[in-house]
Amino acid sequence: MAPTPTYIESVANNNNNNESESKVKFFPYKIQPVEGNNGKKMLDLFKGEKTKYLQVGPKKWLYPSGYERQAHDFYNFVARPSDVFIVTFPRSGTTWTQEMIWLLANNLDYKKASQVNLRKRFPFLEFSCFVHPEMKATFLKENEHYPEKLKIIQSLDRGIIDDLNNMKERRFIKTHNPFSLMPPNLLDIGCKVIYVARDPKDVAVSYYHLCKTYRTTGYVGDFPQFWRNFQDGFVPWAPYWEHIKEGWNRRHEENMLFLFYEDLKKNLRPSLKKLSSFLEQSYSEEEYEILEDHLSIDNFRNNKSVNADDDKDIGVISDAEASFIRKGVVGGWSPYFDDELNAEADRWIEENLNTFDLRFPSK
């Protein structure tokens, strides 16, 4: 029997003076489990999910089971004209660009940036979907003698929509959700949206390490298996090319800025100026020089405000010595691909690039 489409509807009071109210809230796509061998393989390889993995809509966006209870909240989220979003496929330079964006939009307030964790300044919209109840129970058990840690763990699987709705200050929001699963009016409401794309080989290598390190995903396979899952759309937030296309196809819209990670790395000063202009800010050459130093990989890797130390403290990151910020280089994929895997990857990349007009600066 075919799965029942997940159409979630709730009628709100139609009062146009209240931004939190709208006529009808719903989620328009089917949500169905990954079935058969693929479903079993996902649970065998990605141990952080204990129930099932899901595919969403005709593009089959891949999520853990926790996504289903919040799908309509993401789709119906009420954006504000003052909001700033960063949208990326995972491991596309997201954290580095978040810090860059926040500082440029906040008059280079390094003091606040050092005192307030990036996760609080620039919250991650859908992270709670990835904290399975069994994993949460494990974290609670492991930290049962540490009351402060227990408070953090208790909030891991709580959605942040209400917190965002209650915020009075300007909101900065990180998401890996593709545009089709976000509010349809996101680019019409007046908020700023920055999309960052990165070469798929570098994305996959960085994502592989993240999925092995984070127990909420808990990947246990090797890299060649991860790459093939990546190609086939069986990693969270996949399929990669559909994600990129949705950003690329909207790059000319007024409130959208599409950036390549490779350009940010190779031409940081011009990229900072482009971002500043997009965020309606302006800085001196000396101020840009200081920001470039702040964003250098060595300084960034040692910046406690961006390094997910809370996740290490409570055991969400499996290796206490692992760094959330990795090398950040362009072309770091090479040691992970033997000749056969690289040829396979190149064919897949070329086939997909032939379907639209995007070209990575690294190519």
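This is a chat about the strands, helices, cores and a few odd residues of a predicted model.

User: Hey, let's start with the sheets. What order do the strands of the four-stranded open sheet come in?

Analyst: The order is S7-S6-S8-S9, and the pairing is parallel. Keep in mind that we're looking at a predicted model.

User: Which strands stand at the edges there?

Analyst: S7 and S9, which covers residues 256-260. Each has a single partner strand, so one side of each has no neighbour in the sheet. On average, neighbouring strands in this sheet are turned by 20 degrees against each other, ignoring direction.

User: And what holds strands together in a sheet, generally?

Analyst: Strands of a sheet pair through backbone hydrogen bonds, and the pairing can be parallel or antiparallel.

User: OK, S6 then. How many bridges does it make with S7 and with S8?

Analyst: S6 has four bridges with S7 (residues 172-175), and five with S8 (residues 192-197). For a concrete pair to click on, Ile-86 has Lys-174 in S7 as its bridge partner. Another one is Thr-88, whose partner in S8 is Val-196.

User: Is S6 enclosed or open to the outside?

Analyst: Largely enclosed by the rest of the structure, because five of its five residues (84-88) are buried. Val-84, Ile-86 and Thr-88 are on one side, Phe-85 and Val-87 are on the other, and all of them are buried.

User: Why do the residues split up like that?

Analyst: In a regular strand, side chains alternate between the two faces of the sheet.

User: Which helices pack on this sheet?

Analyst: H3 is one of them: it lies across S6, S7 and S8 and runs at about 165 degrees to S6. H11 packs on the sheet too, where it touches S6, S8 and S9. The direction of H11 makes about 130 degrees with that of S9.

User: Back to Phe-85 for a sec. What does it touch?

Analyst: Leaving out residues up to four places away in sequence, its contacts include Phe-77, Ile-173, Met-182, Leu-186 and Val-193. Phe-85 also belongs to the largest nonpolar core, which has 83 residues. Within that core, Phe-85 and Tyr-67 touch the most other members.

User: Which helix gives the largest share of that core?

Analyst: Helix H9, residues 200-213, with seven residues. There's also a second, separate core of 31 residues, with Leu-104, Ala-105, Phe-278 and Leu-279 among them.

User: Why would nonpolar residues gather like that?

Analyst: In soluble globular proteins, nonpolar side chains tend to be buried together.

User: New topic: how do H6 and H7 pack?

Analyst: H6 (residues 133-142) and H7 (residues 147-154) pack at an angle of about 170 degrees, with their axes 9 Å apart. The two helices are therefore roughly antiparallel to each other.

User: Which residues meet there?

Analyst: From H6 you have Lys-136, Phe-139 and Leu-140, and they meet Leu-150, Ile-153 and Gln-154 of H7. By type, that contact divides into four nonpolar residues, one polar and one charged.

User: What about the sheet with S3 in it?

Analyst: That one is open and has three strands in the order S3-S4-S5, with antiparallel pairing. S3 (31-33) and S5 (61-64) stand at the edges. The twist averages 35 degrees from one strand to the next. S3 is joined to S4 (residues 53-56) by three bridges, and Gln-32 stands opposite Gln-55 in S4.

User: Any odd backbone spots? Where is Lys-60, say?

Analyst: Lys-60 is in the loop between S4 and S5. Its phi is positive, about 60 degrees, although Lys-60 isn't a glycine. Leu-108 also has a positive phi, near 55 degrees, and lies in the loop between H3 and H4.

User: Are those two buried or exposed?

Analyst: Lys-60 is partly exposed, with a relative accessible area of 44%. Leu-108 counts as buried at 11%, since the cut-off for buried is under 20%.

User: And which peptide bond is cis?

Analyst: The one from Ala-238 to Pro-239, with omega near 10 degrees. Pro-239 is in the loop between H10 and H11.

User: Last one: what does Asn-229 in H10 touch?

Analyst: Its contacts, beyond residues up to four places away in sequence, are Lys-41, Met-42, Leu-45, Phe-46, Phe-234 and Val-235. Asn-229 counts as buried, at 2% relative accessibility.

Key. Residues numbered from 1 in each chain as written. Predicted model: local features only at pLDDT ≥ 70, side-chain atom pairs only at ≥ 80, totals over all residues. Heavy atoms only, no water. Core = buried A, V, L, I, M, F, W, Y, C linked by side-chain atoms within 4.5 Å. Buried < 20%, exposed > 50% of the residue type's maximum accessible area, 1.4 Å probe, protein only. Contact = heavy atoms within 4.5 Å. Axes fitted to C-alpha atoms, helices over the stretch in contact; angles between N-to-C directions. Parallel < 35°, antiparallel > 145°, perpendicular 65-115°, else oblique. Nonpolar A, V, L, I, M, F, W, Y, C, P; charged D, E, K, R; others polar. Pairing = 2+ DSSP bridges.
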